[in-house]
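Hi there,

Here is the structure I promised to pass on. Have a look at it first, and then read on for what turned up.

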Amino acid sequence: MAATMASITEEVSRQTDVPLEYLRGPMRWPHVVEARHMAMFLAREITGYSQIRIARALGRADHTTVRHACRRMRDRMRSDPALANRLLAIKAKFAPPART
């Protein structure tokens with residue numbers, strides 16, 4: 001699967017059952033915030049897009065939101081193996097196919 005902001009947010013939306021409109025909107029329910037943070041973290045990890053580009057794609061005001069989300073996801077991955085596995089599983093969907 002090609003790694004773009006759209007494909008990453010769609011996959012996170014699908015895996016978390018959070019609608020795309022919520023990921024891009026102002027909703028601050030905990031499960032929506034977690035899914036949005038996951039999308040920001042994965043976009044940064046997979047695509048290497050700038051923080052401001054990721055922020056704009058998700059309707060955020062500036063890059064500091066993305067920086068906070070990435071830091072929070074890295075910290076939570078250390079203490080929450082289930083979240084770490086979930087993020088790694090989504091990330092694996094965007095890995096290039098293995099060469100033989």
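How many aromatic pairs does a search of the whole structure find? Just one aromatic pair comes up. Its partners are tyrosine 22 and tryptophan 29, arranged edge-to-face, with 6.1 Å centre to centre and 85 degrees between the planes. Tyrosine 22 counts as partly exposed because its relative accessibility is 29%. Tryptophan 29 has a relative accessible area of 45%, so it is partly exposed as well. Please keep in mind that this is a predicted model.

There is also a charge over a ring: the charged end of arginine 53 sits over tyrosine 49, 3.7 Å from the centre of the ring.

Now to the interior. The largest nonpolar core holds 25 residues, and Val12, Met38, Leu42, Ile54 and Leu87 have the most contacts inside it. Two or more residues each are given to this core by helix H1 (5-16), helix H3 (30-47), helix H4 (51-57), helix H5 (63-79) and helix H6 (81-92). H3 supplies the largest share, eight residues. In soluble globular proteins, nonpolar side chains tend to be buried together.

H3 deserves a few words of its own. This helix has 18 residues, and from its first C-alpha to its last it reaches 25 Å, close to the 26 Å expected at 1.5 Å a residue. Its buried residues include Val32, Ala35, Arg36, His37 and Met38, and the buried residues of H3 pack against H1, helix H2 (20-24), H4, H5 and H6. If you zoom in on methionine 38, you will find that it touches Val12, Thr16, Met73, Leu83, Arg86, Leu87 and Ile90, leaving aside residues up to four places away in sequence. After H3 comes glycine 48, with a positive phi near 75 degrees.

H1 can be described in a similar way. Its twelve residues should span 16 Å at 1.5 Å a residue, and the end C-alpha atoms are indeed 16 Å apart, so the two values agree. Met5, Ser7, Ile8, Thr9, Glu11, Val12, Ser13 and Thr16 are buried in H1, and the buried residues of this helix pack against H2, H3, H4 and H6. Aspartate 17, just after H1, takes a positive phi of about 60 degrees.

Happy browsing, and do write back with any questions.

Best wishes

Technical notes: Residues are numbered from 1 along each chain as its sequence is written. This is a predicted model: local features need pLDDT of at least 70, side-chain atom pairs count only at pLDDT 80 or more; totals for chains, interfaces and linings use all residues. Side-chain values use heavy atoms; hydrogens and water are left out. A nonpolar core is a set of buried Ala, Val, Leu, Ile, Met, Phe, Trp, Tyr and Cys residues joined through side-chain atoms within 4.5 Å. Buried means under 20% relative accessible area, exposed over 50%, partly exposed in between (1.4 Å probe, protein chains only). Helices (H or I, at least four residues) and strands (E, at least two) are DSSP runs, numbered from the N terminus. Contact means heavy atoms within 4.5 Å. The expected span of a helix is 1.5 Å times one less than its number of residues. Rings of Phe, Tyr and Trp (its six-membered ring) pair if their centres lie within 6.5 Å; planes under 30 degrees apart count as stacked, over 60 as edge-to-face and the rest as tilted. A charge sits over a ring if NZ of Lys or CZ of Arg is within 6 Å of the ring centre and within 35 degrees of the ring normal.
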